[in-house]
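Here is a short tour of one protein chain, going from a helix outwards to the strands around it. Have the model open as you read.

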Amino acid sequence: MDAEKHLQLEEKVVEMLKTVFDPEIPVDIYSLGLVYRIDLSDEGDLVIDMTMTAPSCPMADFIVEDARLKLESIEGIRSVTINIVFEPEWTKDMMSEEAKLELGFL
């Protein structure tokens, strides 16, 4: 995969992540800062490291499955692996300015 196609595919991944929401928070997981790492191989294997707003998030399985299904639908993605990590611990400071505004933190 050439560099331009790789970049376009990564942009599609980010766009798709912005359609995944925690049902309890009206902001997408990307803007919340829950996605720590996006690693896309030239073969189309995608690895995402992400966290939850709290280790005991009751919607974690739903959010991960929603993200996986949406990411697998992108043409050029061969496989999707989503790792839930809790280091570093998520804080409100990781949110985008837009997310902070939406949630009333600004």
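## Starting from helix α2

In α2, the buried residues are Ala-60, Ile-63, Val-64, Asp-66, Ala-67 and Leu-71. Look down the helix axis and these buried residues of α2 fall within an arc of 160°, so they line one face of the helix. Over on the other side of α2, Asp-61 and Leu-69 are exposed. Keep in mind that this is a predicted model.

As for its length, α2 has 13 residues and spans 18 Å from first C-alpha to last, close to the 18 Å expected at 1.5 Å a residue. And what sits over its buried residues? The cover includes α1, β2 and β3.

## The strands

Two of those covering elements also pair with each other: β2 (residues 45-50) and β3 (residues 79-84) run parallel, over six bridges. To get from β2 to β3 the chain goes through α2 (residues 60-72), and this β-α-β crossover is right-handed. On its other pairing, β2 is joined to β1 by five bridges, this time antiparallel.

Here are some residue pairs from these strands:

| Residue | Opposite residue or bridge partner |
|---|---|
| Val-47 | Thr-81 in β3 |
| Met-50 | Ile-84 in β3 |
| Arg-37 | Asp-49 in β2 |

β1 and β2 make a hairpin with four residues between them, and Gly-44 in the turn has a positive phi of about 95°. Glu-43 also lies in the loop between β1 and β2. Is Glu-43 buried or exposed? Its relative accessible area is 51%, and exposed means over 50%, so Glu-43 counts as exposed. The C-alpha of Glu-43 is 8.4 Å from that of Gly-76, although the two are 33 residues apart along the chain.

## The nonpolar core

Which residues touch the most other members of the largest nonpolar core? Out of its 28 residues, they are Val-13, Ile-29, Leu-46, Ile-48, Leu-71, Ile-77 and Ile-82. The elements giving two or more residues to this core are α1 (3-17), β1 (35-40), β2, α2 and β3. Of these, α2 gives the most, with five residues.

Val-13 is a good one to click on. Leaving aside residues up to four places away in sequence, Val-13 touches Ile-38, Leu-46, Ile-48, Leu-71, Ile-74 and Ile-77. One of these contacts, Leu-71, takes us back to where we began, among the buried residues of α2.

Key. Residues are numbered from 1 along each chain as its sequence is written. This is a predicted model: local features need pLDDT of at least 70, side-chain atom pairs count only at pLDDT 80 or more; totals for chains, interfaces and linings use all residues. Side-chain values use heavy atoms; hydrogens and water are left out. Two strands pair if DSSP finds at least two bridges between them. A crossover is right-handed if, with the strands pointing away from the viewer, the path from the first strand over the helix to the second runs clockwise. A nonpolar core is a set of buried Ala, Val, Leu, Ile, Met, Phe, Trp, Tyr and Cys residues joined through side-chain atoms within 4.5 Å. Buried means under 20% relative accessible area, exposed over 50%, partly exposed in between (1.4 Å probe, protein chains only). Contact means heavy atoms within 4.5 Å. The expected span of a helix is 1.5 Å times one less than its number of residues. The arc is that of the directions from the helix axis to the C-beta atoms.
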